[in-house]
Amino acid sequence: MIKIKKFWNKINNEIFIYGDIVGEKFFENEVTAKEFADDLKTIKGPLTIHINSNGGDCFTALAISNLIKNHKNLVTISIDGICASAATLISCAGHKVEMAENALMMIHLPSVFLYDFYDAIQLAKIESSLNKVRDSILATYAARTGLNVKDLFAMLSEETWLTAQEAKELNFVDEVTGAVETEIDDAEKLFIINSVALKKNYYPKAKEKLKMTKANLLDKIKNLLKGDKVPEKISPLVAQERERIENLQKLKTENAAVNAILDVAISEGASVEEVQKYVDAVNNVEISDSIADKIVALIEDNLKSGAEGVGGSVEKNPAEDAKAQADLIAKFANAN
């Protein structure tokens with residue numbers, strides 16, 4: 001059986017954390033531990049995690065950090081822009097940490113937003129919790145840098161900003177790289193930005209679109225309202241998939257069994273050539289609904305199992321093989 005490779009599953013071992021780190025997502029550019037874990041599962045082998053984040057929820061960052069530490073392959077952290085607050089906990093988890101020469105890092109004490117009335121006892125509990133979070137952050141930084149906790153505490157208290165070179169001198173990063181280029185090579189591959197898989201040749205174009213002025217945007221809206229249509233740009237693989245489905249749809253008739261077989265073919269990624277023999281076998285046979293269900297189940301099992309593509313030691317004539325399978329299905333249908 002020929003398997004159709006879905007274009008959205010091809011990932012180039014890169015995850016981009018470009019946004020705030022949150023426990024619960026409200027905006028598209030935010031990052032959660034659950035989404036990060038799902039993205040991480042799709043990647044086999046060494047990977048690079050790009051960071052451009054102001055930080056956010058400390059516990060989410062710690063969860064992501066632990067996921068990175070437990071990854072079985074080499075993880076390189078690349079700080080592309082800003083790596084601040086909770087985002088630094090993620091950067092500390094990398095086996096290797098790189099930072100662009102024009103990027104910045106910022107570390108500070110943990111804080112909490114209060115929006116209610118609290119008595120002294122409740123405030124003392126909050127203070128105790130913040131101190132424990134602080135100690136966890138200090139332990140993470142100390143393990144990464146080798147600096148003593150006292151010096152790190154002083155840095156957190158001052159809300160310290162670090163250039164790439166300063167971060168390297170303090171062992172927060174291993175290497176300072178050149179400024180991040182806007183162009184990305186190898187247009188055949190994809191990458192993930194906050195759980196969205198995109199083509200590599202899309203990224204520079206997406207950045208260019210962000211430069212659209214308000215006037216240009218209004219002009220485009222006016223053109224759309226006038227009836228001007230924006231030409232649709234379709235990936236070759238998407239076009240191929242659409243053509244496959246359209247060709248299968250064209251084979252549908254008033255025969256319920258044939259239509260059921262074609263529905264299975266559409267859902268399983270099979271081509272017209274792969275199911276034509278089944279369609280021919282039942283096209284002119286009177287079949288009850290119960291028998292049709294059994295035939296469809298047999299075909300679905302065959303397509304899913306991959307047995308369709310398994311050949312024997314002796315080469316067979318494709319035409320004879322197709323006829324034999326068609327005869328077998330027709331015999332099964334008539335016998336029932």
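In which sense, parallel or antiparallel, do S3 and strand S5 (residues 104-107) pair? They pair in the parallel sense, over 3 bridges. Welcome to a short tour of this chain, which comes as a predicted model. Its secondary structure comes to 13 helices and 9 strands, and buried residues make up 38% of its 336 residues. Among contacts between residues at least 6 apart in sequence, 68% join residues at least 24 apart. Here are some places to visit as you turn the structure around.

**Strands and their partners**

- Let's start with strand S3, which covers residues 75-84 and is joined to S4 by 4 bridges, with the two strands running parallel.
- To find this pairing on screen, pick Ser-78, whose bridge partner in S4 is Glu-98.
- S4 itself spans residues 96-100 and is mostly covered, with 4 of its 5 residues buried.
- S4 also pairs with S7, again in the parallel sense, through 3 bridges.
- A handy marker for that pairing is Met-99, which stands opposite Val-176 in S7.
- Back on S3, the pairing with S5 can be located at Ala-84, which stands opposite Met-106 in S5.
- Met-106 is worth keeping selected, since its bridge partner in S6 is Trp-161.
- S5 and S6 (residues 160-163) pair over 4 bridges, and here the sense is antiparallel.

**Helices H1 and H2**

- How do the axes of helix H1 (residues 33-41) and helix H2 (residues 58-69) lie to each other? They come within 9 Å and cross at roughly 15°.
- That angle makes H1 roughly parallel to H2.
- The crossing of these two helices is right-handed.
- On the H1 side, the contact is made by Ala-33, Phe-36, Ala-37 and Leu-40.
- On the H2 side, the residues making the contact are Thr-60, Ala-63, Ile-64, Leu-67 and Ile-68.

**Aromatic pairs**

- How many aromatic pairs does a search of the whole structure find? There are 2.
- One of them brings together Phe-16 and Tyr-18, with ring centres 5.3 Å apart; the planes stand at 80°, so this pair is edge-to-face.
- Both of these residues, Phe-16 and Tyr-18, are buried.
- Tyr-141 and Phe-172 form a pair as well: their ring centres are 5.4 Å apart and their planes are at 80°, so this pair is edge-to-face too.
- Tyr-141 sits in helix H4 (residues 120-145), while Phe-172 belongs to the loop between helix H6 (164-169) and strand S7 (175-177), so their pairing ties together parts that are 31 residues apart in sequence.
- Tyr-141 and Phe-172 are both buried.

**A look at Lys-250**

- Is Lys-250 buried or exposed? Lys-250 counts as exposed because its relative accessibility is 65%.
- You will find Lys-250 in helix H9, which runs over residues 236-250.
- Lys-250 and Val-272 are 22 residues apart along the chain, and their C-alpha atoms are separated by 9.9 Å.

Technical notes. Residues are numbered from 1 along each chain as its sequence is written. This is a predicted model: local features need pLDDT of at least 70, side-chain atom pairs count only at pLDDT 80 or more; totals for chains, interfaces and linings use all residues. Side-chain values use heavy atoms; hydrogens and water are left out. Rings of Phe, Tyr and Trp (its six-membered ring) pair if their centres lie within 6.5 Å; planes under 30 degrees apart count as stacked, over 60 as edge-to-face and the rest as tilted. Buried means under 20% relative accessible area, exposed over 50%, partly exposed in between (1.4 Å probe, protein chains only). Two strands pair if DSSP finds at least two bridges between them. Axes are lines fitted to C-alpha atoms, for helices over the stretch in contact, and angles run from 0 to 180 degrees between N-to-C directions. Angles under 35 degrees count as roughly parallel, over 145 as roughly antiparallel, 65 to 115 as roughly perpendicular and the rest as oblique. A crossing is left-handed if the near helix is turned anticlockwise from the far one by less than a right angle, and right-handed if clockwise. Contact means heavy atoms within 4.5 Å.
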